[in-house]
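Grab your viewer and work through these exercises with the model open. Try each one yourself before reading the solution.

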Amino acid sequence: MSHAIQDRPTRADRSPSPGNLTRGGLPRWAPAGIAVLSTVLGSGIGLVFGLQSKIQWGLIAALLFVGITYGASTVIENSRQAKDRVATSMIWVCFLLAVIPLLSLIWTTISRGIKVLDGNFLSHSMNGVTSFEPGGGVYHALLGTIEQIALATLIAAPIGLLTAVYLVEYGKGKLAKAVTFFVDVMTGIPSIVAGLFILTTWNLMLGFGPSGIAGAMALSILMMPVVVRSTEEMLKLVPNELREAALALGVPKWRVILKVVLPTAIGGIATGLMLAVARIAGETAPIMLLVFGSQLINGNPFEGAQSSLPLYIWEQYKVGSDASYDRAWAAALVLIAFVMILNLVARGIARWKAPKTGR
């Protein structure tokens with residue numbers, strides 16, 4: 001009887017062993033090795049079937065990478081681990097599909113724009129230079145872009161910021177719902193519609209001529225909903241406990257917003273503002289309608305035609321000569337660098353003004 005009790009399997013003996021959950025594991029170098037193998041096989045399939053596009057080769061390699069990863073993990077590990085590896089592989093493939101075109105665009109812009117990008121190009125205009133000939137510069141367009149974006153920001157940033165504060169801190173009832181609805185509608189307005197609106201009101205009805213301020217007003221219409229939406233989301237992330245603590249001390253609500261809420265969300269607000277600036281920096285249609293473009297340097301945005309970097313790029317590309325193509329790519333590189341510098345400045349200001357710095 002005692003021997004029968006001793007021979008009966010215990011609960012620990014009946015529990016599944018770790019070996020039943022995983023039969024082994026792929027080595028750490030397996031993903032890299034599978035990636036190399038998939039690349040070689042994808043290139044080989046592309047050569048065998050005569051596929052001319054390298055993009056097709058890359059897509060075949062990506063599919064092979066996911067398939068080989070799943071098969072190897074199923075055989076060596078288990079089905080659950082295989083599904084996890086497939087999900088991870090899909091994330092990496094999608095990441096590469098998003099990054100490769102971006103890197104290709106940046107490389108193409110730098111390699112083609114660096115040919116004529118120098119101090120002379122940045123400090124001279126196209127005055128007296130025929131578009132078919134080499135020479136000339138982008139100074140007048142860069143000056144126009146800076147002035148127009150600065151004016152658009154001065155118009156749109158306060159309005160967008162105050163609108164977002166109203167929606168988050170005070171907005172209730174039908175008025176808040178109406179404001180939210182029209183902000184959503186403005187987000188999808190085409191740039192040409194904003195340009196036509198300013199052309200009809202400012203130029204035709206009020207009788208003003210082409211100028212940088214007209215283009216800035218059209219750009220501000222495109223910029224405002226982005227500022228409102230980004231600022232609104234950042235203000236919603238501020239904990240209510242901060243507001244309640246300040247209000248409990250008897251601080252007026254307007255001062256709570258000014259001294260507590262806005263400083264806490266300043267990093268996200270600055271980032272959203274730079275996104276809005278990047279949204280309008282490449283717009284061409286409103287500038288064509290309202291600013292007209294000029295080959296001369298015009299530092300007065302309130303009178304006379306101006307140019308801008310997007311319009312300059314379009315004008316030079318339209319000419320069709322080798323020299324104009326080089327100027328167009330160089331101007332595109334200047335525009336990318338301009339937006340990148342603005343983003344770096346915004347991040348620096350946000351870090352400087354963030355509450356964690358003690359300021």
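A salt bridge here is a side-chain nitrogen of Lys or Arg within 4 Å of a carboxyl oxygen of Asp or Glu. Keep in mind that this is a predicted model.

**Exercise 1.** Apply that cut-off to Arg279 and Glu283, then say how buried or exposed each partner is.

*Solution.* Start with the distance: the N to O separation is 2.4 Å, and the cut-off is 4 Å, so the two side chains meet in a salt bridge. Next, look at the accessibility. Arg279 has a relative accessible area of 29%, so the arginine is partly exposed. Glu283 comes in at 14%, and buried means under 20%, so the glutamate counts as buried.

**Exercise 2.** Find the salt bridge of Glu169 and work out which parts of the chain it links.

*Solution.* The partner is Arg243, with the closest N and O atoms 2.9 Å apart. That pair ties together distant parts of the chain: Glu169 sits in helix H8 and Arg243 in helix H12 (residues 240-248), 74 residues apart. Now check burial. Glu169 has a relative accessible area of 11%, so it is buried. Arg243, at 10%, is buried too.

**Exercise 3.** Take the salt bridge between Glu232 and Arg229, and explain how the two residues are placed along their helix.

*Solution.* First the contact: the closest N and O atoms are 2.5 Å apart. Then the spacing: the two are 3 residues apart in helix H11, which means about one helical turn separates them. Glu232 is buried at 5%, while Arg229 is partly exposed at 24%. Finally, widen the view: Asp184, Arg229, Glu232 and Lys236 are linked in a network of salt bridges. The whole structure has 6 salt bridges.

**Exercise 4.** Locate Leu96 and describe its surroundings, both on the surface and in the largest pocket.

*Solution.* Leu96 belongs to helix H6 (residues 79-113). On the surface, it joins Trp92, Phe95 and Ile100 in a nonpolar patch with about 440 Å² of accessible area together. Its own relative accessible area is 42%, so Leu96 is partly exposed. Now for the pocket, which holds about 680 Å³ of space. It has 26 lining residues, and those closest to its centre are Gly58, Ala62, Val93, Leu96 and Ile100. By class, the lining splits into 17 nonpolar, 7 polar and 2 charged residues.

**Exercise 5.** Which helix gives the most to the lining of the second largest pocket?

*Solution.* Helices H8, H11, H14 and H17 each supply at least two lining residues. H14 gives the most, with 4. The lining has 10 nonpolar, 1 polar and no charged residues, around a volume of about 200 Å³.

How values were computed
Residues are numbered from 1 along each chain as its sequence is written. This is a predicted model: local features need pLDDT of at least 70, side-chain atom pairs count only at pLDDT 80 or more; totals for chains, interfaces and linings use all residues. Side-chain values use heavy atoms; hydrogens and water are left out. Patches are made of residues with over 30% relative accessible area and no salt bridge: like charges are joined within 9 Å, nonpolar side chains (Val, Leu, Ile, Met, Phe, Trp, Tyr) within 5 Å. Accessible areas come from the Shrake-Rupley method with a 1.4 Å probe; for residues, only the protein chains shown count as cover. Buried means under 20% relative accessible area, exposed over 50%, partly exposed in between (1.4 Å probe, protein chains only). On a 1 Å grid over the protein atoms alone, a cavity is a set of points where a 1.4 Å probe fits but cannot get out, and a pocket is an open set with protein on both sides within 12 Å along at least five of seven lines; lining residues have an atom within 4 Å of a point. Grid points are joined across faces, edges and corners, and a volume is the space filled by probe spheres set on the points. Ala, Val, Leu, Ile, Met, Phe, Trp, Tyr, Cys and Pro count as nonpolar, Asp, Glu, Lys and Arg as charged, and the others, Gly among them, as polar.
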